[in-house]
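Student: I would like to learn how to read a protein model, one feature at a time. Could you take me through it?

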Amino acid sequence: MNVSPRRITRPLACALLAASASLWAPGLSLAQEKAVPAAAPAPAPAKDIKDQKALTLLKAMSDTLAGAKTLGFKVRGIVPTHSPTGQFVSLHASSRVVMQRPDKLFVSARGDLFPSDAFYDGKTVTVVGAGGKFYAQRDAAGGFLEALMNGVQPGSDATAPFLDLLVADPYAFLTKDFTSALWVGQTTVGGVKTDHLAFTAPGLDWEVWIGTSDKLPRLMVVSYRTGERQPTFTVELSDWKLDAAVPAQTFKASIPKGAVKLEFKQMGQDK
């Protein structure tokens, strides 16, 4: 859920590191989309509509998230990924996220991408491969989460943009570059009545479905209008828990016996 290609994020493990070729699933780099055939009609340009109802509902969602001292939720996504044949294949990604403001975060990521558990306890960030054979760890003192959430670089994998929901002010973050906003209507998502909102920004269109009662995001769809990224991705959010008690151990990593320590690299750093 973002308003510019720079701010579409990936699961925490991807945001934190590329530990080694052994730990990361192959073939995740996203090539440029093929040109649209000449016979295909060009998409109509987005109209500069800024529906105040859509902005008000987005602000209510932002306030709900920002006001919670602890957040817990589940994420499921379908991510089109460029394959060796040139076509996009759909990979499934899922995560369980727990955050305690201002400086603790846990993400358990599963699915087809990079199964791992990531821990940040305010002092140290640790990522453990789901099989327990590899891990990476480094010191990350105060300010790490803020830098992570606000320092997303272009080209990051857009598998689960939950980090955008965890910034101090999601509304300001999401509307920084928007060019249009529209309230589409109401529908039911996963048994929850929602308001459907649609936004445009340079290079992309994005939609969010927000619970009418709890003001929490339930579904997000992002579609790119350029060839620099995958054409679209869909993310479902569920099992929300706000201000629930979270055991301190949730954010403490346990390194499996015999696990091999790998070099900790930021995404985009030269190998």
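Tutor: We will go through strand pairing, nonpolar cores and one buried residue in turn. Please keep in mind that this is a predicted model.

Student: How many bridges pair strand E7 with strand E8, and in which sense do the two strands run?

Tutor: The general idea is to follow the bridges from one strand to its neighbour. Here strand E7 (residues 180-189) and strand E8 (residues 192-201) are antiparallel and share nine bridges, and one such bridge sets Leu 182 against Ala 198 in E8. The hairpin of E7 and E8 has two residues between the strands, and Gly 190 in this hairpin has a positive phi near 60°.

Student: Which strand does E8 join by eight bridges?

Tutor: E8 is joined to E9, again in the antiparallel sense, with Thr 194 having Gly 211 in E9 as its bridge partner. The hairpin of E8 and E9 likewise has two residues between the strands, and there Gly 203 takes a positive phi near 90°. E9 in turn runs antiparallel to strand E10 (residues 217-224), to which seven bridges join it, and Asp 205 stands opposite Ser 223 in E10. Between E9 and E10 the hairpin has five residues, and Lys 215 in the turn has a positive phi of about 60°.

Student: Why is strand E9 described as largely enclosed by the rest of the structure?

Tutor: Strand E9 (residues 204-211) is described in that way because six of its eight residues are buried.

Student: What should I look for when I read a nonpolar core?

Tutor: In soluble globular proteins, nonpolar side chains tend to be buried together. In this model the largest nonpolar core has 43 residues, and the members that touch the most others are Leu 58, Leu 166 and Phe 199. Helix H2 (residues 52-66) gives the most to this core, contributing six residues. A second core, separate from it, has seven residues, among them Phe 119 and Phe 251.

Student: Which residues does Phe 199 touch, leaving aside those up to four places away in sequence?

Tutor: The contacts of Phe 199 include Ala 54, Leu 55 and Leu 58, as well as Phe 178, Asp 205 and Trp 206.

Student: Is Thr 70 buried or exposed?

Tutor: Thr 70, which lies in strand E1 (residues 70-82), has a relative accessible area of 9% and is therefore buried. A polar atom of the Thr 70 side chain lies 2.8 Å from the backbone oxygen of Ala 244. Beyond four places in sequence, the residues that Thr 70 touches include Met 99, Gln 100, Leu 242 and Ala 244.

Definitions and conventions:
Residues numbered from 1 in each chain as written. Predicted model: local features only at pLDDT ≥ 70, side-chain atom pairs only at ≥ 80, totals over all residues. Heavy atoms only, no water. Helix = DSSP H or I, 4+ residues; strand = E, 2+ residues; numbered from the N terminus. Buried < 20%, exposed > 50% of the residue type's maximum accessible area, 1.4 Å probe, protein only. Polar contact = N/O pair within 3.5 Å; in protein donor to acceptor, adjacent residues only side chain to side chain. Contact = heavy atoms within 4.5 Å. Core = buried A, V, L, I, M, F, W, Y, C linked by side-chain atoms within 4.5 Å. Pairing = 2+ DSSP bridges.
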